[in-house]
Amino acid sequence: MKLFAVFVCTLLSYCCAAQHYNNFKVSVYCRAYEVRQMGDTNNYLKPLWNEISRQLKVDKVYLETHRDLIVVNQDTLNIAKKFFKDRGIEVAGGITLTISEPNRFQTFCYSNPDDRKWIKHLSEYTAKNFDEFILDDFFFTNCKDDGAIKDKGDRRWTQYRLSLMTEAAKSLIVDPAKAANPKVKVIVKYPNWYEHFAGMGFNLETEPKIFDGVYTGTETRDAVTSAQHLQPYLGYNIIRYYENIAPGKNGGGWVDPFASNYADRYAEQLWITLFAKAREQTLFDFRSITRPIAATDRAAWQGQHTSFDYDEMMQPQNYNGGAPARPTTIARFAGYTFEKIDKFLGALGNPVGIKSYKPYHSVGEDFLQNFLGMIGLPMDMRPEFPAEDSIILLTEEAKFDDKIVDKIKKQLTDGKTVVITSGLLKNIQDKLNDIVELRYTDRKAIVQDYTAGTFHLIHADKPVLIPQINYITNDSWEIVSGISGDNGWPILHTADYSKGHLYILTIPDNFSDLYNLPVEALNKIRQVLGGELNVQIEGPSKISLYVYDNNTFIAESFLDTETVVKAVTPTSFNTITDMNSGAVINSELRKPGFSYTEKNLSAKNVYTFTLKPHSFRVFKIK
């Protein structure tokens, strides 16, 4: 009988494992609000889980022990843990360190003795229940009570909080957890608003060395209506950034369905996370993915066989082994998306991109790299200066490195290319004079016409406000210019120094105005910044490019209409093959033009293809 029981358990585990996706794990996070109800297995937990698991393959759940001063009792945790383990689901813990989320995400005061004692207790309690737990989003502090003000002293809030939270990570979270359970792994999940972390105490320099791992918030929601206005590309860029901060320790990406005005927007967040090669995808949360599917989830462009095909997604499905049934909740949005991505993800290499230096705790031109990603520039943000690369991008954030001008000069004397933004120029222009005399003025211009290497005037649909940059004629040169009336100013500018090339990219006052630049201007910018990649794209904005080190790439459209796009490669390649359909696209040879901006360029091969609305295509270059 014992042998039979072991056989049955093994068979059940095998059946569960057989459902798992090949290239990533899928987890569901369960808030304390829901976990505290899981003691009622028959009326609450079982029916909800059956509906989720019918539509989605799940490897793991995170059971939260605390949020908003709610603590799940031991008896309920025991029931919930057993329920999931009996079904072959991996179980981990979670803690959200909020006093009240609805009250502007009220956090604990880490200088308050009572709060410190409570946090330490929560860490010990959770570690006793799980061999792994994760801190959701809120391991920061916005406390400014009298005790914190006194404790801060003469320091800036940023300095104080960075130091305070580094100490708290070790003495209140990790050390007590490991004392309670030496096997426990403690993970800190960093949210999506990385530009402002230092001001709240999230310390990307020290904490990854203290915690056993990090996790990545890749939720971007709707860029217009959401408060942070995060661009969709952030879901890819932030995974790569945290991977560069903590190589091999970035556990995965984390997406919620909030503020997604249609099903495709939720799906986009999931697949962009996986394009970045996230090891695990966590769905927040148990309650949210049981939200019923609504008619409004079907986007206006559906019916064109887009990457997220709503009608195909709604076909009957049942992973629990029963009769297939039509999807009922948005868990199926995720399940359908994962199935599509899993088919090709393993054939992609390691992501590569344009190195962009963001020193620890730096601010300036907030989230700009994500806007650049939305115009077809694959980003690879780094916390250390990428001296080994032949082309690097430096935004205003690089001003936090007091040796940045020396480093720029070294790159140029080594024969490399440095691209700086107008925001960085504004901050270092006096120190940059030894390389080139440029002046970021206090004047602005509204431009709607452009030149891009020729004398032909290009008219754009919308006006753009740019800073006016002055330069010395014949000491540096305009590649792309913005024109207003009878005057013009650099959009992309270049200066030679020693054996290298310095470029200045003018950033509009409103970063989203980058999307209003004409195709010809965008193509010149892509040509320069993407010069060391095996592929660049040509076409309108809101087309993103993801490049991998095994000659594969993905082109993704965030536009509402079908769009014609071109890929450009060296002549050593002559076809691109759609890895999903098998369609082969042959190249057309493009010889360099005769203008001063093109005469030194090499010939290229060009491939033309279309992208459906809010869709992607995956290609192999041969």
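Two strands pair if DSSP finds at least two bridges between them. Helices (H or I, at least four residues) and strands (E, at least two) are DSSP runs, numbered from the N terminus.

The structure is a predicted model, in which local features need pLDDT of at least 70 and side-chain atom pairs count only at pLDDT 80 or more, while totals for chains, interfaces and linings use all residues. Residues are numbered from 1 along each chain as its sequence is written, and side-chain values use heavy atoms, with hydrogens and water left out.

**First stop: strand 25 and its partners**

Select strand 25, residues 563-570, together with strand 29, residues 604-611. These two strands are antiparallel and are paired over 8 bridges. Next add strand 22, residues 536-538, which is joined to strand 25 by 3 bridges, also in the antiparallel sense. Now highlight Ala-567: its bridge partner in strand 22 is Ile-537, and in strand 29 Ala-567 faces Tyr-607. Strands of a sheet pair through backbone hydrogen bonds, either parallel or antiparallel.

**Second stop: a sheet of mixed pairing**

Move to the open sheet formed by 9 strands, and follow them in the order 14-13-15-16-21-20-19-17-18; the pairing is mixed. Its edges are strand 14 (379-382) and strand 18 (458-471), each of which pairs on one side only. From one strand to the next, the twist averages 30 degrees; for such angles, axes are lines fitted to C-alpha atoms, for helices over the stretch in contact, and angles run from 0 to 180 degrees between N-to-C directions.

At the strand 14 edge, select strand 13, residues 354-357, which runs parallel to strand 14 and is joined to it by 4 bridges. Within this pair, Ile-354 lies opposite Met-379 of strand 14.

**Third stop: the disulfide**

Which cysteines does a disulfide (a pair of cysteine sulfur atoms within 2.5 Å) join here? Select Cys-109 and Cys-143, whose sulfur atoms are 1.9 Å apart. By the distance rule, the count comes to 1 disulfide. The torsion about the S-S bond is about 85 degrees, so this disulfide is right-handed.

Show the surroundings next. Cys-109 is in the loop between strand 6 (106-107) and helix 5 (113-129), and Cys-143 is in the loop between strand 7 (132-135) and helix 6 (146-152), so the bond ties together parts that are 34 residues apart in sequence.

Are these cysteines buried or exposed? Buried means under 20% relative accessible area, exposed over 50%, and partly exposed in between (1.4 Å probe, protein chains only). Cys-109 is buried at 11%, and Cys-143 is buried at 8%.

**Last stop: Cys-30**

Finally, select Cys-30, which is buried, with a relative accessibility of 0%.

Definitions and conventions:
Disulfide = S-S within 2.5 Å.
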